[in-house]
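Colleague: Could you walk me through this model slowly? I would like to learn how each label is earned.

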Amino acid sequence: MNNVGEFLKTNGIKPSYQRIKIYEYLMNNREHPTVEGIYSALNGQIPTLSKTTVYNTLKIFIDKGIAMAITIDENESRFDAQMDMHGHFKCEHCHKIYDFKVNFENALEDELDDFEILDQQMFFYGICKHCREKS
Ligand SMILES: [Zn+2]
Ligand SMILES: [Zn+2]
């Protein structure tokens with residue numbers, strides 16, 4: 001994406017410097033960062049940044065549908081700017097969250113035909129191959 005500012009604007013978000021930086025970070029760091037992670041990564045470049053700003057900015061992104069919160073672990077929210085349908089695999093060992101492709105269309109049977117689906121998430125837990133190779 002060449003112009004994050006334009007992208008934010010077309011999604012009804014005023015493209016402040018901090019918002020652009022936070023969105024760029026999400027796009028470029030696909031490891032599903034936490035508020036803490038985003039804050040500590042950008043704090044050096046944006047001295048006026050606060051954790052509250054990061055949190056509020058992510059909330060706006062989610063409201064406008066350009067990012068999502070993943071609550072794979074109850075006590076930490078992680079964020080993702082990849083909006084196409086995909087599943088998440090969390091490694092219990094290194095705590096990384098991996099994306100994997102999943103076809104939700106085929107996964108849904110008729111049982112939910114008359115339901116309104118607001119969110120679709122698929123979580124797997126386990127040990128990733130990198131950790132398995134090490135042990
Ligand atoms: Zn791992
Ligand atoms: Zn993801």
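Modeller: Happily! From the N terminus on, the elements of this predicted model run α-α-α-α-β-β-β-β-α-β-α. That gives the protein chain six helices and five strands.

Colleague: How is the protein chain divided into domains?

Modeller: Domain 1 covers 4-80 and domain 2 covers 86-134; these bounds come from an automatic or database domain assignment. The centres of the two domains, taken over C-alpha atoms, are 22 Å apart. Six residues from domain 1 and six residues from domain 2 take part in the contact. On the domain 1 side, two of these residues are nonpolar, one is polar and three are charged.

Colleague: How do you know that the span of α2 agrees with what a helix should have?

Modeller: We set the expected value beside the computed one. The rule is 1.5 Å times one less than the number of residues. For the 12 residues of α2 this gives 16 Å, and the end C-alpha atoms are indeed 16 Å apart, so the two agree.

Colleague: What about the span of α4?

Modeller: Helix α4, residues 51-63, has 13 residues. Its first and last C-alpha atoms are 18 Å apart, close to the 18 Å expected. Just after α4, G65 takes a positive phi of about 80°.

Colleague: Which residues of α2 are buried, and what puts them on the same side?

Modeller: The buried ones are R19, I22, Y23 and L26. They cover an arc of only 95° around the axis, so they lie on the same side of α2. On the other side of α2, Y17 and N28 are exposed.

Colleague: What do the buried residues of α2 pack against?

Modeller: They pack against α1 (4-10), α3, α4 and β2.

Colleague: Which residues of α4 are buried, and what makes you place them on the same side?

Modeller: In α4 the buried residues are V54, T57, L58 and F61. They cover an arc of only 100° around the axis, and therefore sit on the same side of α4. The face turned away from that buried side carries the exposed residues T52, K59 and D63. Among the elements covering the buried residues of α4 are α2 (17-28), α3 (35-42) and β2 (76-80).

Colleague: Why is H32 called buried?

Modeller: Let's count its neighbours. H32 has 23 other C-beta atoms within 10 Å. The label "buried" needs 20 or more, so H32 earns it. H32 is found in the loop between α2 and α3, and has a positive phi of about 60° although it is not a glycine.

Colleague: And H95, is that residue buried or exposed?

Modeller: H95 has 12 C-beta neighbours inside 10 Å. A residue is exposed if the count is 12 or fewer, so H95 counts as exposed. H95 is found in the loop between β3 and β4. Its phi is positive, about 65°, although H95 is not a glycine.

Colleague: What makes β3 and β4 a pair?

Modeller: Pairing asks for at least two bridges. Strand β3 (residues 86-91) and strand β4 (residues 97-101) have five bridges, in the antiparallel sense, so they pass. One of the bridge partnerships joins F89 to Y98 in β4. The two strands form a hairpin with five residues between them, and H95 is in the turn.

Colleague: Why does N103 count as exposed?

Modeller: Try the same test. N103 has 9 C-beta neighbours inside 10 Å, and the cut-off for exposed is 12 or fewer, so N103 counts as exposed. The place of N103 is in the loop between β4 and α5 (104-107). The C-alpha atoms of N103 and R19 are separated by 31 Å, and the two residues are 84 residues apart along the chain.

Colleague: What share of the whole chain is buried?

Modeller: Buried residues make up 14% of the 135 residues. The C-alpha trace spans about 45 × 45 × 30 Å along its principal axes. Among contacts with a separation of 6 or more, 47% come from residues 24 or more positions apart.

Technical notes:
Residues numbered from 1 in each chain as written. Chains lettered and ligands numbered in written order. Predicted model: local features only at pLDDT ≥ 70, side-chain atom pairs only at ≥ 80, totals over all residues. Contact = placed C-beta atoms within 7 Å. Nonpolar A, V, L, I, M, F, W, Y, C, P; charged D, E, K, R; others polar. Helix = DSSP H or I, 4+ residues; strand = E, 2+ residues; numbered from the N terminus. Arc of directions from axis to C-beta.
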